[in-house]
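Thanks, everyone. I'll take one structure and walk through a few places in it. Have the sequence and the model open as I go.

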Amino acid sequence: MSATRLVLWRHGVTDWNEQGIFQGRADIPLNERGQAQVVAAAPELVAMHATAVYVSPLIRARQTAQAYVDIAGGQAVVDDRLTEINVGTWVGESLASVRILDPAAGAEMAAGRDYRRSATGETMTEVGVRVADCLRDIADAREGETVLVVSHGGAIRMGIATVLGWPYEASIQLAGMANAAWSIVARWHGDWRLQTYNHVPVDAPPGVNTEI
């Protein structure tokens, strides 16, 4: 039996990424640089011969997946569990402004502890649970295959940490995923292993190494 490989690809850069603004579930598209990033990255991913593509419902992720589909063919399957973290009322705010608006969250952030993104948002631990549930379901459905999963930086990082059994405090030892970079996790006889983290294609324009 072959290992199941999930290639977790972060979307290309957006204007809000470059400006350091919380996007959350605001449907912000890729900018010109982001489109160039994913087009440059797609051939290297196509060479992995994924048998299926799963994608977050947000347009920046769907545009990223489309760069792959345009070469490889097929159709991406949308799964809501792969969406970005819900930041609630922080949408459109900068990190500096959030620390003023919500000093308690800012203190937790500085201390390296998980925190809720506004009163109506999610914690990263909650994101990890829902993304990991999705990854496990994909692995069950696609046993022994290589699958491309297109999502968001924090969602990918926390999904990886959760399937590996890491707590939040361990997860933040991983750097934030760069735009258009990917990581690979493999499941073999029920055990998950991290094979690649934050691989940035050589020919892709530089992005932003932040999860905002």
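Start at V150, in strand β4, residues 146–151. One thing to keep in mind throughout: this is a predicted model. Is V150 buried or exposed? Its relative accessibility is 0%, so V150 counts as buried; the cut-off for that is under 20%. What does V150 touch, leaving aside its neighbours within four places in sequence? The list starts with W9. Then comes the run V53, Y54, V55 and S56. After that, A61, T64, A65 and L82. For a distance, take A180, 30 residues away along the chain. The C-alpha atoms of V150 and A180 are 9.6 Å apart.

T64 is a useful link, as a contact of V150 that also takes part in a helix pair. That pair is α2, residues 32–46, and α3, residues 59–72. Their axes come within 8 Å. The crossing angle is roughly 45°. Therefore α2 and α3 are oblique to each other; the perpendicular class would need 65 to 115 degrees. The hand of the crossing is right-handed. Which residues meet? On the α2 side: Q35, V38, V39, A42, P43, L45 and V46. On the α3 side: Q63, T64, A67, Y68, I71 and A72. By class, that contact has ten nonpolar residues, three polar ones and no charged ones.

Second helix pair: α6 and α7, with α7 covering residues 153–164. Here the axes come within 7 Å and cross at roughly 70°. That angle makes α6 roughly perpendicular to α7. From α6 we have M124, T125, V127, G128, V129, V131, A132, L135 and R136. They meet G154, A155, R157, M158, G159, T162 and V163 of α7. How does the contact of α6 with α7 divide by class? Nine residues are nonpolar, five are polar and two are charged.

Stay on G128 for a moment, in helix α6. With a relative accessible area of 0%, G128 is buried. Set aside residues up to four places away in sequence, and G128 touches M158, G159 and T162. M158, G159 and T162 are on the α7 side of the helix contact. A second marker is N86, 42 residues from G128 along the chain. Between the C-alpha atoms of G128 and N86 the distance is 12 Å.

Now the aromatics. A pair of rings is described by the distance of the centres and the angle of the planes. How many aromatic pairs does the structure hold? Two. F22 with W90 is tilted, with 5.5 Å between centres and 55° between planes. F22 sits in the loop between α1, residues 15–19, and α2. W90 sits in the loop between β3, 77–78, and α4, 95–101. So the F22–W90 pair ties together parts that are 68 residues apart in sequence. F22 and W90 are buried.

The other pair is W90 with Y115, also tilted: 6.2 Å centre to centre, 35° between the planes. Where is Y115? In the loop between α5, 103–110, and α6, 124–141. The W90–Y115 pair therefore ties together parts 25 residues apart in sequence. W90 and Y115 are both buried. Put together, F22, W90 and Y115 form one aromatic cluster.

Last stop: the loops. Most residues other than glycine have a negative phi. H49 is not a glycine, yet its phi is positive, about 60°. H49 lies in the loop between α2 and β2, 52–55. At 62% relative accessible area, H49 is exposed. H189 also has a positive phi, near 50°. The loop that holds H189 runs between β5, 182–188, and β6, 191–199. H189 is exposed too, at 54%.

One glycine to finish. G165 is in the loop between α7 and α8, 168–171. Buried or exposed? G165 is exposed, with 59% relative accessible area. W192 is 27 residues from G165 along the chain. The C-alpha atoms of G165 and W192 are 9.1 Å apart.

Terms used:
Residues are numbered from 1 along each chain as its sequence is written. This is a predicted model: local features need pLDDT of at least 70, side-chain atom pairs count only at pLDDT 80 or more; totals for chains, interfaces and linings use all residues. Side-chain values use heavy atoms; hydrogens and water are left out. Axes are lines fitted to C-alpha atoms, for helices over the stretch in contact, and angles run from 0 to 180 degrees between N-to-C directions. Helices (H or I, at least four residues) and strands (E, at least two) are DSSP runs, numbered from the N terminus. Angles under 35 degrees count as roughly parallel, over 145 as roughly antiparallel, 65 to 115 as roughly perpendicular and the rest as oblique. A crossing is left-handed if the near helix is turned anticlockwise from the far one by less than a right angle, and right-handed if clockwise. Contact means heavy atoms within 4.5 Å. Ala, Val, Leu, Ile, Met, Phe, Trp, Tyr, Cys and Pro count as nonpolar, Asp, Glu, Lys and Arg as charged, and the others, Gly among them, as polar. Rings of Phe, Tyr and Trp (its six-membered ring) pair if their centres lie within 6.5 Å; planes under 30 degrees apart count as stacked, over 60 as edge-to-face and the rest as tilted. Buried means under 20% relative accessible area, exposed over 50%, partly exposed in between (1.4 Å probe, protein chains only).
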